[in-house]
Number of protein chains: 2
Amino acid sequence: MSRRDEVIDAAERILEAEGFEALTMRRLGAELSMRAPSLYKHVAGKPEVEAALQERALRGIGAALAAAGPTLGDLAAAYRAWSLAHPRLYELSTRRPLQRDCLASGVEAAAAAPLLAAVGGDQAAARALWGLAHGLVDLELAGRFPPDADLSAAWSAAVHAFGGG
Amino acid sequence: MSRRDEVIDAAERILEAEGFEALTMRRLGAELSMRAPSLYKHVAGKPEVEAALQERALRGIGAALAAAGPTLGDLAAAYRAWSLAHPRLYELSTRRPLQRDCLASGVEAAAAAPLLAAVGGDQAAARALWGLAHGLVDLELAGRFPPDADLSAAWSAAVHAFGGG
DNA sequence: ACCTGAACACCGTTCAAGT
DNA sequence: ACCTGAACACCGTTCAAGT
């Protein structure tokens with residue numbers, strides 16, 4: 001494993017274990033037993049670290065969707081489960097623009113493919129479905145639903161609206 | 001207008017005009033011709049400023065939805081239009097937990113009421129609808145859709161799925 | 001009551017210097 | 001090739017001091 005990969009691994013650990021605010025270059029250096037300036041021999045800067053984490057999130061959620069069952073309900077459950085299992089990584093990957101030039105080709109399309117297939121290849125419907133899944137996850141992660149909200153019921157209503165069981 | 005309200009006004013101006021990263025206590029003080037430490041005589045700290053901006057966003061989007069036509073398509077268009085007109089305020093208000101104890105009572109419910117009415121009072125359906133609108137807006141604001149994506153088509157598909165015209 | 005300068009413990013990043 | 005300490009221009013916040 002390259003030293004760069006170790007940096008990204010450490011960043012992911014810190015992000016999920018301690019939150020976004022804890023992911024500083026000094027903290028990241030300490031995790032690898034070096035000083036912050038040394039990190040710049042392995043990555044260009046913090047934006048590159050974040051872009052690499054975005055790519056990991058895209059691969060992770062893509063793999064989770066590809067492994068899910070074929071129904072809309074299965075896909076929705078897989079999307080929600082992955083996001084709740086990697087909440088900070090999910091937020092990091094969706095709340096800023098994709099650095100598409102830093103992204104291995106095909107990763108973005110691969111992540112979207114299972115949703116697209118589930119709606120028969122209709123791009124507009126796939127984007128609506130993505131918006132729905134993302135919106136419900138994002139509001140849940142942000143703590144924007146009332147504490148007593150029945151989110152399972154909301155997901156059921158969502159899947160039902162899109163013609164799922 | 002109280003000095004506190006002037007602080008929140010200035011914060012909103014800076015946020016929308018220069019972005020989230022520009023909203024610092026030093027920049028905010030300069031906008032009001034004072035030093036950053038003086039702000040602490042009017043607000044408890046930056047979190048209070050952000051909570052006040054969250055409340056403004058909630059009132060703004062609630063008013064926009066209340067003024068919109070009755071159909072799902074009208075509501076969706078109003079939601080998207082308000083968000084795109086106040087993108088940083090929208091993001092600030094949805095990406096962190098609501099400080100409900102800092103919020104005037106009824107504001108959260110008032111913002112949700114038009115969506116709830118549009119689905120006949122069904123809470124689960126209203127939350128699914130909110131998730132859908134939020135997800136599409138959030139991904140658009142974050143620059144996560146491909147540059148050539150037809151978002152009008154996605155919104156149409158979304159409204160159609162929920163039984164709207 | 002309101003504002004100030006100085007200070008504290010942080011940031012990301014650069015750079016000359018060491019091995 | 002890899003790491004370091006010192007430094008720069010920033011943060012949010014506290015506090016004693018001024019009017």
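**View 1. Contacts of chains A and B with DNA strand D in the predicted model.** A backbone N or O atom of M25(B) lies 2.9 Å from a phosphate oxygen of DNA strand D. Two side chains also reach phosphate oxygens of this strand: an N or O atom of Y40(B) at 2.7 Å, and a polar atom of S38(A) at 3.1 Å. Two or more residues of the surface near DNA strand D come from each of helix 3 of chain A and helix 2 (25-31), helix 3 and helix 4 (46-67) of chain B. In total 18 residues surround the strand, and the closest are R35(A), S38(A), H42(A), R26(B) and Y40(B). By type, the residues of this surface are 8 nonpolar, 4 polar and 6 charged. Sugar or phosphate accounts for 49% of the strand D atoms within 4 Å of the protein, and bases for the rest.

**View 2. Contacts of chains A and B with DNA strand C.** In the side chain of R26(A), an N or O atom is 2.6 Å from a base nitrogen of DNA strand C. Phosphate oxygens of the strand are approached by a polar backbone atom of M25(A), at 2.8 Å, and by a side-chain N or O atom of R3(B), at 3.1 Å. Helix 2 (25-31), helix 3 (36-39) and helix 4 (46-67) of chain A, together with helix 3 (36-39) of chain B, each give two or more residues to the surface near DNA strand C. The strand is surrounded by 18 residues, with R26(A), Y40(A), R35(B), S38(B) and H42(B) the closest. This surface holds 8 nonpolar, 4 polar and 6 charged residues.

**View 3. The largest nonpolar core.** This core has 110 residues. Those with the most contacts inside it are L28, L53 and F162 of chain A and L28, L53 and F162 of chain B. Helix 8 (residues 123-141) of chain B gives the most to the core, with 10 residues. Beyond its neighbours within four places in sequence, F162(A) is in contact with L72(A), A125(A), A128(A), L129(A) and L132(A), and with A161(B) and F162(B) of the other chain.

**View 4. Helix 6 (residues 87-94) of chain A and its surroundings.** Of the 8 residues in helix 6, 7 are buried, so the helix is largely enclosed by the rest of the structure. The buried residues are P87(A), L89(A), Y90(A), E91(A), L92(A), S93(A) and T94(A). They pack against helix 1 (3-18), helix 4, helix 5 (72-85) and helix 8 (123-141) of chain A.

Technical notes
Residues are numbered from 1 along each chain as its sequence is written. Chains are lettered from A and ligands numbered from 1 in the order in which they are written. This is a predicted model: local features need pLDDT of at least 70, side-chain atom pairs count only at pLDDT 80 or more; totals for chains, interfaces and linings use all residues. Side-chain values use heavy atoms; hydrogens and water are left out. A nonpolar core is a set of buried Ala, Val, Leu, Ile, Met, Phe, Trp, Tyr and Cys residues joined through side-chain atoms within 4.5 Å. Buried means under 20% relative accessible area, exposed over 50%, partly exposed in between (1.4 Å probe, protein chains only). Helices (H or I, at least four residues) and strands (E, at least two) are DSSP runs, numbered from the N terminus. Contact means heavy atoms within 4.5 Å. A residue is near a molecule or strand if one of its heavy atoms lies within 4 Å of it. A polar contact is a pair of N or O atoms within 3.5 Å; within protein, one must be able to donate a hydrogen and the other to accept it, and residues adjacent in sequence count only if both atoms are side-chain atoms. Ala, Val, Leu, Ile, Met, Phe, Trp, Tyr, Cys and Pro count as nonpolar, Asp, Glu, Lys and Arg as charged, and the others, Gly among them, as polar.
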